[in-house]
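Subject: Structure handover

Hi,

Here is the structure I promised to pass on. Please open it alongside these notes.

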Amino acid sequence: MTDEIARLTSFAHGGGCACKIPPGELEDAVRGLQGQVAPDVLVGLDDGDDAAAVRLSDDLAVLSTADFFTPVVDDAFDWGRIAAANALSDVYAMGGRPVMAINLVGWPRERLPMELMTEVLRGGLAVAQEAGCPVIGGHSIDDPEPKYGMAVTGVAHPDRLLRNDAAAAGLPLTLTKPLGVGLLNNRHKRTGEVFEAAIATMTALNRDAAAAALEAGARAATDVTGFGLLGHLFKMCRASGVGAEIDAAAVPLVDGAREALRDGFVSGGTRRNLDWVAPHLDAAGAEEDDLLYLADAQTSGGLLVVGEVPGYPVIGRTVAGPAGRIVIR
């Protein structure tokens, strides 16, 4: 296998969740679309939450989500692990438990060996097994750009969902993983350097953080992925009718992120995230570097929880005021 083929990221125009359609464009595209409205639909299209939720009985709701993306790292096994952790995260972000997944694969079979695809699937299976979630089949297509992810089904109690429209003012904001993996993934794509701290955080499940949030009585949360912390916080605040204040100095960063920003490894997705939320920011006292960290397009990021979660850093608070307005201090 040639070095070019060995570098999976060379086949992708963007990496991981940074290859998402920009949030503003996506909202314009789906505006006005309606799903099947029914009394048992607990979470639908309205607020762009992490997964759909439908009540099956008084004590059982089924959750459904799908997530896939282009290679974020060159190691096929690690890419599979990251993509699986990212897909499962949507269920955890709703306070649920994943019970089944199916693989979603696009593969350039005439340019990349099928053995490499097997490694991707093996990585996904390893993380799903860690989550106690069986992977049963899936769907694949011949695609000029490799893509991998999962459709995941989960379950939760209808009265214990973590929602992005349930934030109340005056509560702490907790972040359960450090930011900055977008910067390091971009550096990896452009230089081939490997950042173990970034891989470790991207492959870590949000299962324990979700359980801790529920135990602490949280009602609102979302996971931080391609739209960055600011983008996902804005969506949650807008849906809940509250504002937020962020203490930039309290936001944890993954090892190596500061150096990656210093050296200019900012993705186009991160800059689009910042452009989208800029009209809703009061950031007069913030440095540009702080804004770029906060808008960094994450892949398999942590949970942003409204409420204090023991063992994780508090980075700000929700406030009464204009819906979606974010003050950065």
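Below is what I found, starting with the ground rules and then going domain by domain.

This is a predicted model, in which local features need pLDDT of at least 70 and side-chain atom pairs count only at pLDDT 80 or more, while totals for chains, interfaces and linings use all residues. Residues are numbered from 1 along each chain as its sequence is written, and side-chain values use heavy atoms, with hydrogens and water left out.

**Domains**

The domain assignment gives domain 1 (8-156) and domain 2 (171-328). Those bounds come from an automatic or database domain assignment. The C-alpha centres of the two domains lie 20 Å apart.

**The six-stranded sheet**

Helices (H or I, at least four residues) and strands (E, at least two) are DSSP runs, numbered from the N terminus. Two strands pair if DSSP finds at least two bridges between them. Six strands form an open sheet with mixed pairing, in the order 1-2-3-6-4-5. Strand 1 (41-43) and strand 5 (135-142) are the edge strands, each pairing on one side only. On average, neighbouring strands are turned by 20° against each other, direction ignored. Axes here are lines fitted to C-alpha atoms, for helices over the stretch in contact; angles run from 0 to 180 degrees between N-to-C directions.

Strand 3 (residues 60-69) pairs with strand 6 (residues 147-156) in the antiparallel sense, over nine bridges. A66 stands opposite A151 of strand 6.

Two helices to look at here. Helix 3 (residues 76-93) lies across strand 3, strand 4 (97-107) and strand 6, at about 150° to strand 3. Helix 4 (residues 114-130) packs on the sheet and touches strand 4, strand 5 and strand 6. The direction of helix 4 makes about 165° with that of strand 4. Contact means heavy atoms within 4.5 Å.

V135 sits in strand 5. Leaving out residues up to four places away in sequence, V135 touches A101, N103, L125, A128 and M150.

**The seven-stranded sheet**

The order of this open sheet of seven strands is 8-11-7-12-9-13-10, and the pairing is mixed. Strand 8 (220-223) and strand 10 (281-282) are at the edges with a single partner strand each, so one side of each is left without a neighbour in the sheet. Strand 10 and strand 13 (residues 326-328) pair in the parallel sense over two bridges. L281 has I326 in strand 13 as its bridge partner.

Helix 3 turns up again. Helix 3 packs on this sheet too, touching strand 8 and strand 11 (303-306), with its direction at about 175° to that of strand 8. Helix 8 (residues 228-240) lies across several strands, including strand 7 (172-175), strand 9 (243-246) and strand 12 (314-319). Helix 8 runs at about 150° to strand 8.

**The domain interface**

What does each side bring? The contact takes 35 residues from domain 1 and 33 residues from domain 2. The area buried between them is about 2,800 Å², and carbon and sulfur atoms give 58% of that. Buried area is the accessible area (1.4 Å probe) that two parts lose on being put together, summed over both.

The rule finds zero salt bridges across the interface. A salt bridge is a side-chain nitrogen of Lys or Arg within 4 Å of a carboxyl oxygen of Asp or Glu. On the domain 1 side, helix 2 (23-30), helix 3 and helix 4 are the elements that give two or more residues. Helix 3 gives the most, with 10 residues.

Best wishes
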